[in-house]
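Dear colleague,

Here is the structure I said I would pass on. My notes on it follow below.

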Amino acid sequence: MLTLSGITVRLGGRLILDNATAALPPKSRVGLIGRNGAGKSTLMRVIAGEGEADSGSAEMPRGTRLGYIAQEAPAGSATPFETVLAADLERAALLDEAEHSHDPDRLGEIHERLNAIDAHAAPARAAKILIGLGFDEEMQQRPLDSFSGGWRMRVALAALLFSEPDLLLLDEPSNHLDLEATLWLENFLKSYRATILVVSHERDLLNNVVDHILHLDKGKVTLYPGGYDAFEKQRAERLMLQASAREKQLAQRAKLQAFVDRWRAKATKAKQAQSRVKALAKMEPIAAVIDDPTMSFDFPSPENGLKPPLITLDLATVGYGDKPILSRLNLRLDPDDRIALLGRNGNGKTTLARLLAAQLTPMEGTVTTAGKMRVGYFTQYQVEELDAEDTPLQHMARLMPDAKPAAVRAQLGRFGFSGDKATIEVGKLSGGERARLALALITRDAPHMLILDEPTNHLDVDAREALVQALNDYEGAVVVVSHDRHMLELTADRLVLVDGGTAREFAGTLDDYTDLVLGRGDAAKQGGAAEPKTSRKDDRRAAAEARERNSTLRKRVKTAEDAIKTLGARLTALDRAMFDPASADPQDRDQTMTTLMKRRADVEAKIEAAEAEWLEASEALEIAA
């Protein structure tokens with residue numbers, strides 16, 4: 001269906017795509033993934049014909065209808081309903097022609113074609129798509145200019161889905177969606193009958209929708225069968241083979257180089273030495289497997305915990321000006337709580353978050369907070385309001401005026417801004433890096449509670465996993481609003497539904513909530529109102545104990561991994577000492593072969609023990625998860 005043939009793109013002298021080549025199967029659903037800045041959007045623009053490649057091309061069968069969302073959101077006096085209907089160009093053209101044609105034969109052909117494309121069902125289909133993306137009947141009839149940019153991008157997405165192109169290109173389609181609309185989109189794409197290429201960092205979407213992963217890394221693309229979990233497994237195996245091949249190649253190079261160095265000057269061995277020089281020159285270096293050390297999150301936990309409850313809402317009402325948004329709020333948050341706020345955009349999730357963060361005061365009722373409680377509140381506005389000309393170090397130093405320079409740098413280092421990274425202008429950072437900086441700033445005083453409103457925007461899949469890990473290691477309370485179901489499943493143990501002008505506990509699981517949103521099963525009938533079988537206090541205590549156990553197991557896994565790495569390096573050093581004493585470490589130089597072999601056997605035994613420890617801790621962690 002789609003063939004990428006040697007696509008190369010340079011932007012500002014930097015190589016973005018390097019001979020990218022792949023063939024997508026017909027009617028496949030492909031997830032295009034890669035680190036932020038890898039060039040995913042650039043590749044999508046080339047495929048869509050909106051960007052030029054320096055060389056190579058994207059080829060597809062003649063007559064393929066391609067659908068791609070433009071960067072600018074639709075605007076004007078047209079309604080969302082009208083805009084979506086107009087996206088079916090053939091239907092719109094036929095209806096227009098039918099209105100002006102006076103040829104009976106042609107009118108017959110037009111109506112026959114309209115019946116063939118099921119044009120009469122189009123209004124109902126357009127309304128269904130808009131409802132799925134969060135537009136109720138009243139919103140569908142409002143002019144586009146009355147909506148924010150995010151809602152107008154939803155209209156653009158609805159129009160694209162309605163047009164049903166043969167090749168559907170989606171670049172981060174859930175960026176402007178809430179959890180409910182994301183769930184609907186995922187369900188819609190599952191049944192899409194044509195080819196899909198989607199850039200996404202939503203792990204659930206990549207597992208539940210796509211059947212291939214196209215991985216973009218260092219300008220190259222590699223196609224893997226299966227969803228994201230299958231990709232991770234295949235890539236891990238591939239990286240292990242690459243690392244093993246590199247080690248073998250380095251050993252072979254060292255052996256060849258040692259021969260050359262020893263015999264180059266000796267006439268009887270000159271030819272052999274020269275042949276090995278040629279072999280070294282022809283040997284293509286295998287790249288080292290390098291993880292990104294800057295992609296890290298480490299929330300500082302409060303040193304002095306507070307007694308429960310942290311916050312109690314008693315019949316509280318909150319809103320803006322004289323207009324209440326949420327009423328009859330009865331909610332208690334304890335130090336070990338992990339809460340996800342559910343509900344469609346516009347229902348008041350951000351309003352409740354701001355009330356908990358003390359940015360809003362109650363209009364009625366009471367809000368009681370623990371003394372000396374510190375709150376870290378993250379929103380996308382903080383990311384957008386960072387001074388582009390200042391560095392992370394300057395931003396942090398302003399907020400920590402009494403701290404020593406080492407303490408300022410230490411807080412930045414927790415979030416990957418070590419060394420020179422701390423002195424790069426914010427304007428030169430990626431969206432994900434700016435999000436990490438905002439998180440570093442709001443946690444500088446080790447808050448007792450984190451309130452995170454859509455923290456995963458601009459973060460790639462790996463960064464989201466790092467964020468989940470950091471939240472599970474954090475020892476304070478967490479309240480999170482997110483459309484990333486995978487993150488909510490791994491971090492939240494209480495669900496609060498914000499709907500109908502109030503907020504209440506949702507008794508079911510996220511799967512139950514998914515069924516409720518999509519109108520499936522018992523959850524849809526009960527509305528999530530069934531009482532839980534166990535007390536929430538017991539559930540929270542069990543969840544806290546599980547987090548502590550998992551944290552201990554993760555530390556065991558990390559310790560074992562570090563030991564294996566260190567011992568592996570030691571084993572390599574001993575092998576070098578046995579083979580080439582001149583390049584050996586001082587501690588091994590001039591040792592007898594017997595001594596070196598004894599040391600090597602000791603290191604091998606330690607590696608075996610460390611691997612056993614790693615295996616035991618990993619299996620225990622997998623069972624606990």
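**Notes on the model**

Residues 24 or more positions apart make up 70% of the contacts in the protein chain with a separation of 6 or more. Please keep in mind that this is a predicted model. The protein chain has 625 residues, of which 43% are buried. It contains 22 helices and 18 strands. The exposed area of the protein chain is about 32100 Å², and 51% of that comes from carbon and sulfur atoms.

**The six-stranded sheet**

One open sheet is built from 6 strands, in the order β14-β15-β16-β12-β17-β18, with mixed pairing. The edges are taken by β14 (375-378) and β18 (502-505); each has a single partner strand, so one side of each has no neighbour in the sheet. From one strand to the next the twist averages 15°.

Within this sheet, I looked at the pair β12 and β17. Strand β12 (residues 338-342) runs parallel to strand β17 (residues 494-499), and 4 bridges join the two. In this pairing, Leu342 of β12 is opposite Leu497 in β17.

**Backbone points in the loops**

Three places in loops may be worth a look when you go through the backbone.

The peptide bond between Pro308 and Pro309 is cis, with omega at about -5°. Pro309 belongs to the loop that runs between α11 (270-282) and β10 (311-320).

Which residues have a positive phi although they are not glycines? One is Lys218, with phi at about 55°. Lys218 sits in the loop between β8 (212-217) and β9 (220-225). Its relative accessibility is 68%, and because the cut-off for exposed is over 50%, Lys218 counts as exposed.

The other is His458, where phi is about 75°. His458 is found in the loop between β15 (449-453) and α17 (461-473), and β15 is also one of the strands of the open sheet described above. Is His458 buried, exposed or partly exposed? With a relative accessible area of 40%, His458 is partly exposed, since that class lies between under 20% for buried and over 50% for exposed.

Regards

Notes: Residues numbered from 1 in each chain as written. Predicted model: local features only at pLDDT ≥ 70, side-chain atom pairs only at ≥ 80, totals over all residues. Heavy atoms only, no water. Buried < 20%, exposed > 50% of the residue type's maximum accessible area, 1.4 Å probe, protein only. Pairing = 2+ DSSP bridges. Axes fitted to C-alpha atoms, helices over the stretch in contact; angles between N-to-C directions. Contact = heavy atoms within 4.5 Å. Areas by Shrake-Rupley, 256 points an atom, 1.4 Å probe, with all protein chains shown as cover.
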